[in-house]
Amino acid sequence: RSTLFPYTTLFRSGATGTTLALGTGEYSKKITVGVIGYESGDVTPGRVTSPATGTVGKGTLHSSTPKISGTASAGDTLKVSVGSWTSGTSFHYQWLANGKAISKATGSSLKLPTSVEGKRISVQVTGSKTDYNSVAKTSGQTGAVAK
């Protein structure tokens, strides 16, 4: 009767179990797994290695829908809260008036110009991190901007 002991050819510290949680260190690599088997009374183990997987793709960022706070009145400032994202994510902001980009409105807050009076404001937040696919999320819209 054989007793099987899994091993991996990935050579990652601690990667000796029956499962492997992939991390960013495996991005663009192929994974193989091997098994060592011992027969009762044998001194030399037998080894078998699996075929390689396909190339490991980029990770998926965990993200939240951004929320706007503040009063939607010309001259007032709106702020965005991004919520909970994967640790280490960096953000790019684009503020929108009736769904169209507001020129040079790319910060985490926006002082509302008179040019957006009567329009509904939202913000698109794009999160990015090395070895992850970028994610874009858009907030809900404010009410029409008052004078």
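User: Hi! How many helices and strands does the chain have?
Analyst: Zero helices and twelve strands. Do keep in mind that this is a predicted model.

User: Thanks. And what does the radius of gyration say about how spread out the chain is?
Analyst: It comes to 26 Å, well over the 15 Å that the globule rule gives for 147 residues, so the chain is more spread out than a compact globule. Along its principal axes, the C-alpha trace spans about 90 × 20 × 20 Å.

User: What about confidence, what's the average pLDDT?
Analyst: The chain averages 87, and 90% of the residues score at least 70. Residues 1-10 have a pLDDT below 50, and that stretch has 36 contacts in the model beyond near neighbours in sequence.

User: OK, on to the sheets. Which strands form the open sheet, and in what order?
Analyst: Four strands do, in the order E8-E7-E10-E12, with antiparallel pairing. The edge strands are E8 (100-101) and E12 (135-138), each of which pairs on one side only.

User: How many bridges join E7 to E8?
Analyst: Two, and the strands run antiparallel. Leu96 stands opposite Ala101 in E8.

User: Now E6. Which strands is E6 joined to by bridges?
Analyst: Strand E5 (residues 67-69) is joined to E6 by three bridges, running antiparallel. Three bridges also join E6 to strand E9 (residues 109-111), again antiparallel. For the E5 side, the bridge partner of Ile68 in E6 is Val80; for the E9 side, Leu78 stands opposite Leu110.

User: And which side chains along E6 are buried?
Analyst: They alternate: Leu78 and Val80 point to one face and are buried, while Thr77, Lys79 and Ser81 point to the other face and are not.

User: Nice. Which residues touch the most other members of the largest nonpolar core?
Analyst: Trp95, Ile102, Leu110, Leu112, Val116 and Ile121, out of 20 residues in that core. The elements giving two or more residues to this core are strands E6 (77-81), E7 (90-97) and E10 (121-128). As background, nonpolar side chains in soluble globular proteins tend to be buried together.

User: What share of the chain is buried overall?
Analyst: Buried residues make up 29% of the 147 residues.

User: Thr142 caught my eye. Where is Thr142 found, and what does Thr142 touch?
Analyst: Thr142 is in the segment after E12. Leaving out residues up to four places away in sequence, Thr142 touches Ile68, Ala72, Leu78, Arg120 and Ile121.

User: Why does Thr142 count as buried?
Analyst: Because the relative accessible area of Thr142 is 12%, and buried means under 20%.

User: Switching topic: how many aromatic pairs does the structure hold?
Analyst: One. Trp85 and Phe91 form an edge-to-face pair, 5.1 Å centre to centre with 85 degrees between the planes.

User: Are those two rings' residues buried or exposed?
Analyst: Trp85 counts as buried, at 11% relative accessibility. Phe91 is partly exposed, with a relative accessible area of 29%.

User: Last bit, the E2 and E3 hairpin. How many bridges does that pairing have?
Analyst: Strand E2 (residues 33-39) and strand E3 (residues 46-49) pair in the antiparallel sense over four bridges. Gly34 has Thr49 in E3 as bridge partner.

User: And which residue takes a positive phi in that hairpin?
Analyst: Gly41, with a phi near 85 degrees; the hairpin has six residues between the strands.

User: One more: what fraction of contacts comes from residues 24 or more positions apart?
Analyst: They account for 58% of the chain's contacts with a separation of 6 or more.

Terms used. Residues numbered from 1 in each chain as written. Predicted model: local features only at pLDDT ≥ 70, side-chain atom pairs only at ≥ 80, totals over all residues. Heavy atoms only, no water. Core = buried A, V, L, I, M, F, W, Y, C linked by side-chain atoms within 4.5 Å. Buried < 20%, exposed > 50% of the residue type's maximum accessible area, 1.4 Å probe, protein only. Pairing = 2+ DSSP bridges. pLDDT = per-residue confidence, 0-100. Contact = heavy atoms within 4.5 Å. Phe/Tyr/Trp six-rings, centres within 6.5 Å; stacked < 30°, edge-to-face > 60°. Rg over C-alpha atoms; globule rule 2.2 N^0.38 Å.
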